[in-house]
Amino acid sequence: MRILYDTNVLVAMLSRRESILAFKKQLEEDAVHISSPFILAEVEAVLVKKLKITKQKAKATVRLLERQSVIVYPKKVEKVCRDPFDDYVLAAAVSGKVDYIITADKDLLVLEKHRKVVIISPKDFATINRL
């Protein structure tokens with residue numbers, strides 16, 4: 001299964017040890033995490049700005065996340081969402097051939113699906129991932 005965690009979910013996950021451990025276990029068992037330079041840069045910025053983590057610690061955290069992910073470089077970013085930043089998330093998902101985007105972003109969730117990519121909340125993903 002190929003998954004892409006949106007920035008909001010990654011930041012929430014990185015702030016809780018048990019979530020990080022669950023993420024690592026998921027990757028060991030059956031998932032491949034896809035990300036992009038855009039998403040990783042956004043995670044780093046949010047860690048510094050909103051969680052008040054030092055730039056050095058944020059960079060180190062993002063490097064660890066990068067090592068656990070397959071990084072894609074989308075060639076084309078379509079205009080799909082109201083928020084243009086969300087278009088970069090969709091482009092990474094399409095480029096990385098992901099099965100699921102896991103997000104708490106309402107602008108993405110309202111789409112439910114983009115091309116073959118299912119867009120789902122963390123809670124709903126946790127439910128289907130247990131099956």
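In this short talk I will go through two helix packings, three salt bridges and one glutamine of a predicted model.

Before we start, please keep in mind that this is a predicted model, in which local features need pLDDT of at least 70 and side-chain atom pairs count only at pLDDT 80 or more, while totals for chains, interfaces and linings use all residues. Residues are numbered from 1 along each chain as its sequence is written, and side-chain values use heavy atoms, with hydrogens and water left out.

Let me begin with the helices, which, like the strands, are DSSP runs numbered from the N terminus (H or I with at least four residues for a helix, E with at least two for a strand). Two packed helices are described by the angle between their axes and the distance between the axes. The axes are lines fitted to C-alpha atoms, for helices over the stretch in contact, and the angles run from 0 to 180 degrees between N-to-C directions.

How do the axes of H1 and H3 cross? Helix H1, residues 7-14, and helix H3, residues 37-49, have axes that come within 9 Å and cross at roughly 50°. The two are therefore oblique to each other, given that angles under 35 degrees count as roughly parallel, over 145 as roughly antiparallel, 65 to 115 as roughly perpendicular and the rest as oblique. On the H1 side the contact (heavy atoms within 4.5 Å) is made by Thr-7, Leu-10, Val-11 and Leu-14, and on the H3 side by Ile-39, Glu-42, Val-43, Val-46 and Leu-47. These residues divide into seven nonpolar, one polar and one charged, where Ala, Val, Leu, Ile, Met, Phe, Trp, Tyr, Cys and Pro count as nonpolar, Asp, Glu, Lys and Arg as charged, and the others, Gly among them, as polar.

H3 also packs against H4, at an angle of about 145° and with the axes 9 Å apart. Among the residues making this contact are Leu-40, Val-43 and Glu-44 of H3, together with Ala-58, Lys-59 and Val-62 of H4. By class, the contact of H3 with H4 has seven nonpolar, one polar and four charged residues.

That brings me to the salt bridges, of which the structure holds five, each being a side-chain nitrogen of Lys or Arg within 4 Å of a carboxyl oxygen of Asp or Glu. Lys-59 forms one with Glu-44, the closest N and O atoms being 3.1 Å apart. Since Lys-59 lies in helix H4, residues 55-67, and Glu-44 in H3, the pair ties together parts that are 15 residues apart in sequence.

Another joins Lys-25 and Glu-29, at 3.8 Å from N to O, and both residues lie in helix H2, residues 17-29, four residues apart, about one turn of the helix. Lys-25 counts as partly exposed at 49% relative accessibility, whereas Glu-29 counts as exposed at 56%; buried means under 20% relative accessible area, exposed over 50%, and partly exposed in between, with a 1.4 Å probe and protein chains only.

A further salt bridge pairs Asp-107 with Arg-82, whose closest N and O atoms are 2.6 Å apart. This pair links distant parts of the chain, 25 residues apart, with Asp-107 in helix H6 and Arg-82 in the loop between strand E3 and helix H5. Asp-107 is partly exposed at 22%, while Arg-82 is exposed at 67%.

Finally, is Gln-26 buried or exposed? Gln-26, which lies in H2, counts as buried, at 8% relative accessibility. Leaving aside residues up to four places away in sequence, Gln-26 touches Ile-3, Tyr-5, Ala-31, Phe-125 and Asn-129.
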